[in-house]
Amino acid sequence: MKKKHQPIPPKPKPSNRRRFLKSSLYCGAFGMLSGSSLLRLAPETNGTPLIKTKLRPVLDEDWWLIGPPPAQGSHTIPVKMGDDGNLLNYESVDHHLFQANDGQWHLWGCVRHTGWGRILYHWKAKNLTDSPWEDTGEFIRANEAFGESINGWGNEEWIQSPFFVKENGLYYMFYGGHSTGRNREGVPARGKTRNESFDTECQICIMTSPDGLHWSRHAFDDGLSRAFTGPGEARDPCLIKIDGLWHLYYTGLEEGDPRKGGMFVRTSRDLLHWSNYQLVHRAHQYGSNWWEIECPHVVYREGYYYLFRTQNYVQAITHVFRSDDPLDFGREDASAARKYLGQIPCAAPEIYEVAGEEFLSSNHNPALGTQLCRLRWEPES
């Protein structure tokens with residue numbers, strides 16, 4: 001029987017580890033707000049308050065494990081062989097959690113190092129503080145019939161980085177469908193390896209569900225699941241509703257140039273039809289390779305927007321930027337430096353507010369899995 005995490009008691013005297021966390025910035029994407037019986041997915045802002053307060057987010061207390069990678073070779077999922085001839089262990093990376101119509105918490109995350117490539121995997125729990133959450137054995141693979149993961153790296157299939165919102169009674173899952181099999185001119189192309197060029201445009205795709213439990217791909221007029229493609233390796237979606245307009249932030253790479261990786265945004269009124277992309281952040285001093293510019297997340301707090309970008313998973317490096325303009329977090333080195341708050345020890349973070357308490361999830365230890373801790377905001381001194 002799996003051991004359940006007991007409710008966290010009142011905070012004891014901080015350990016050295018906790019003092020370190022409390023002196024660090026919090027990072028994450030504001031995932032949910034309290035509703036009547038169901039938490040509302042994704043935040044919504046309605047204008048700027050008369051009084052603006054500059055805040056610093058702070059990690060608070062220790063982590064607990066919620067989504068350990070599935071046991072190697074379990075649930076018919078094949079394992080991947082490493083270059084040294086040894087089997088690789090599964091690892092948990094980009095993720096999101098939400099509360100579905102059944103009242104339970106659901107975690108969907110990307111599991112890498114499977115024999116297929118990257119898949120989406122499912123855990124659930126009655127309480128956020130349970131540890132670990134129930135491993136359901138449910139997973140979703142990329143589906144080439146819907147245009148996903150065509151001619152990707154090493155012929156592996158990829159599906160990754162889920163993010164959930166609920167609108168008009170319908171749940172939406174946005175996720176990275178990886179390679180489209182064509183370059184930005186529409187010419188068939190093949191992805192090579194991570195250390196070589198990647199010629200195909202990538203895509204953000206959509207699934208929907210009436211209850212948050214049973215998912216099906218949304219087929220657009222062309223029969224494909226993609227809402228849009230590019231620039232370059234489009235991935236890691238995060239959504240926030242600002243004055244009634246949905247903003248979808250994500251990572252991209254312009255012109256196939258590693259120096260032109262950055263954070264981009266598209267907007268929509270209906271979650272299905274999206275504007276052209278706009279660059280909102282690029283700063284080489286916080287990571288110059290395109291794989292060091294990951295997991296953009298935006299949260300609104302008391303008149304300011306906060307952008308979080310992960311530079312390194314295993315080193316737990318995430319950078320935080322603050323702006324009063326959700327379309328500009330510094331588009332070049334100098335302007336980004338003026339908006340920079342600092343870095344904190346987490347990766348692919350997101351945050352959730354439940355009954356007045358806030359929590360942060362992270363994948364800073366992919367081999368261990370997805371973890372949670374508490375967090376708070378403090379006025380800047």
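**Strand β5.** I started with strand β5, residues 91–99, and looked up how covered it is. Nine of its nine residues turn out to be buried, so I noted the cut-off as well: buried means under 20% relative accessible area. I should say here that I'm working with a predicted model.

**Its partner.** Next I asked which strand pairs with β5. I found β6, residues 105–112, running antiparallel to β5 over seven bridges. F98 faces H106 of β6 across the pairing. I then followed the chain from β5 to β6 and saw a hairpin, with five residues between the two strands. In that turn I picked out G103, which has a positive phi of about 80°.

**Whole protein.** I stepped back and looked up the totals. I get two helices and 24 strands. The protein has 381 residues, and 60% of them count as buried. For the accessible surface I wrote down about 15700 Å², with 48% of it belonging to carbon and sulfur atoms. I also checked the contacts between residues at least 6 apart in sequence: 60% of these join residues at least 24 apart.

**Salt bridges.** How many salt bridges are there? The count comes to 21, and I looked into a few of them.

*R141 and E157.* Their side chains meet in a salt bridge at 2.8 Å, N to O. Both residues sit in the loop between β8 (134–140) and β9 (160–167), so the pair ties together parts that are 16 residues apart in sequence. I checked how covered each one is: R141 is partly exposed at 32% relative accessible area, while E157 counts as buried at 16%.

*R184 and E185.* I found another salt bridge here, 3.4 Å from N to O. Buried or exposed, I wondered, for R184? R184 is exposed, with a relative accessible area of 51%, and E185 is exposed too, at 56%.

*E357 and R374.* The side chains of these two meet at 2.3 Å, N to O. Where do the two residues lie? E357 is in strand β23 (residues 357–362) and R374 in strand β24 (residues 370–379), so this salt bridge ties together parts 17 residues apart in sequence. E357 is partly exposed, with 39% relative accessible area, whereas R374 counts as buried at 13%.

*A network.* My last entry is a group rather than a pair. E233, R235, D236 and E294 are joined into one network by salt bridges that share partners.

Methods
Residues numbered from 1 in each chain as written. Predicted model: local features only at pLDDT ≥ 70, side-chain atom pairs only at ≥ 80, totals over all residues. Heavy atoms only, no water. Buried < 20%, exposed > 50% of the residue type's maximum accessible area, 1.4 Å probe, protein only. Helix = DSSP H or I, 4+ residues; strand = E, 2+ residues; numbered from the N terminus. Pairing = 2+ DSSP bridges. Contact = heavy atoms within 4.5 Å. Areas by Shrake-Rupley, 256 points an atom, 1.4 Å probe, with all protein chains shown as cover. Salt bridge = Lys/Arg side-chain N within 4 Å of Asp/Glu carboxyl O.
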